[in-house]
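Me: I have this model open and would like a close look at one part of it, the charged pairs and how they sit in the rest of the fold. Could you walk me through them?

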Amino acid sequence: MQPLNVIADLTVEVDGAPIRVQGNGRQVVADVPSAGAAWKLFRSQRLAGRYTPMALNGLQAADVDVEVRVKGRKVALAGPSAQSGFVAKLLGIPGAEVRVFAFLRSLFG
């Protein structure tokens, strides 16, 4: 598969929370307005867990990173640049990078 070049600027809504999605080349950023909205987004994707490995493999093959930010803080990353760890495996998303402390800071900042 050839690397993708993603160009996007849109807003989607998940459970009433607006999420701004921007793509600039090989990086897609989803800017979530709150930690609560990020958790809802995660849970909705986790319910579709059988698709998660395919999505992560697709990002690897396409050479595209997807970064999730809460209030400007990077809380998760999926794609070839992600450095997966214990927390991602515990949450059932091996292959993704989860930044727990950034997520916790977004709760109070």
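Reply: Happy to. A salt bridge here is a side-chain nitrogen of Lys or Arg within 4 Å of a carboxyl oxygen of Asp or Glu. Please keep in mind that this is a predicted model.

With that cut-off, Glu67, Arg69 and Lys74 are linked in a network of salt bridges. Within this network, the side chains of Glu67 and Arg69 meet with N and O 2.4 Å apart. The two partners differ in their surroundings: Glu67 is buried, at 5% relative accessibility, whereas Arg69 is partly exposed, with a relative accessible area of 28%. Buried means under 20% relative accessible area, so Glu67 at 5% falls in that class. You can place the network on the fold through strand E4, which spans 65-70, and strand E5, which spans 73-78. Both strands also supply at least two residues each to the largest nonpolar core.

Stepping back, a search of the whole structure finds 5 salt bridges. One of them joins Arg20 to Asp9, and their closest N and O atoms are 3.0 Å apart. Arg20 belongs to strand E2 and Asp9 to strand E1 (residues 6-14), so this pair ties together parts that lie 11 residues apart in sequence. Neither end is buried: Arg20 is partly exposed, at 39% relative accessible area, and Asp9 is exposed, at 52%.

Another pair is Arg99 with Glu97, whose side chains meet at 3.1 Å, N to O. Here Arg99 counts as partly exposed, with 35% relative accessibility, while Glu97 is buried, with a relative accessible area of 11%.

Now for the nonpolar side of the picture. The largest nonpolar core has 22 residues, and those with the most contacts inside it are Ile19 and Val32. Strands E2 (17-25) and E3 (27-32) each supply at least two of its residues, as do helices H1 (35-47) and H2 (52-62). Helix H1 gives the most, with 4 residues. If you centre your view on Ile19 and set aside its neighbours within four places in sequence, you will find it in contact with Leu10, Thr11, Val12, Val14, Ala30, Asp31, Val32, Pro33 and Leu41. Val32 is on that list, and Val32 is also the other residue named for the most contacts inside the core.

Towards the C-terminal end, Val100, Phe101, Leu104, Leu107 and Phe108 form a nonpolar patch on the surface, with about 550 Å² of accessible area together. Phe101 lies in helix H4 (residues 100-108) and is exposed, with a relative accessible area of 63%.

To set these parts in the whole: the protein has 4 helices and 6 strands, and from the N terminus on they run β-β-β-α-α-β-β-α-β-α. Its radius of gyration is 13 Å, which agrees with the value near 13 Å for a compact globule of 109 residues. Along the principal axes, the C-alpha atoms fill a box of roughly 40 × 30 × 25 Å. Buried residues make up 31% of the 109. Among contacts with a separation of 6 or more, residues 24 or more positions apart account for 38%. The protein exposes about 6,900 Å², and carbon and sulfur atoms supply 57% of that area.

Key
Residues are numbered from 1 along each chain as its sequence is written. This is a predicted model: local features need pLDDT of at least 70, side-chain atom pairs count only at pLDDT 80 or more; totals for chains, interfaces and linings use all residues. Side-chain values use heavy atoms; hydrogens and water are left out. A nonpolar core is a set of buried Ala, Val, Leu, Ile, Met, Phe, Trp, Tyr and Cys residues joined through side-chain atoms within 4.5 Å. Buried means under 20% relative accessible area, exposed over 50%, partly exposed in between (1.4 Å probe, protein chains only). Contact means heavy atoms within 4.5 Å. The radius of gyration is taken over C-alpha atoms; the globule rule is 2.2 Å times the number of residues to the power 0.38. Accessible areas come from the Shrake-Rupley method with a 1.4 Å probe; for residues, only the protein chains shown count as cover. Patches are made of residues with over 30% relative accessible area and no salt bridge: like charges are joined within 9 Å, nonpolar side chains (Val, Leu, Ile, Met, Phe, Trp, Tyr) within 5 Å.
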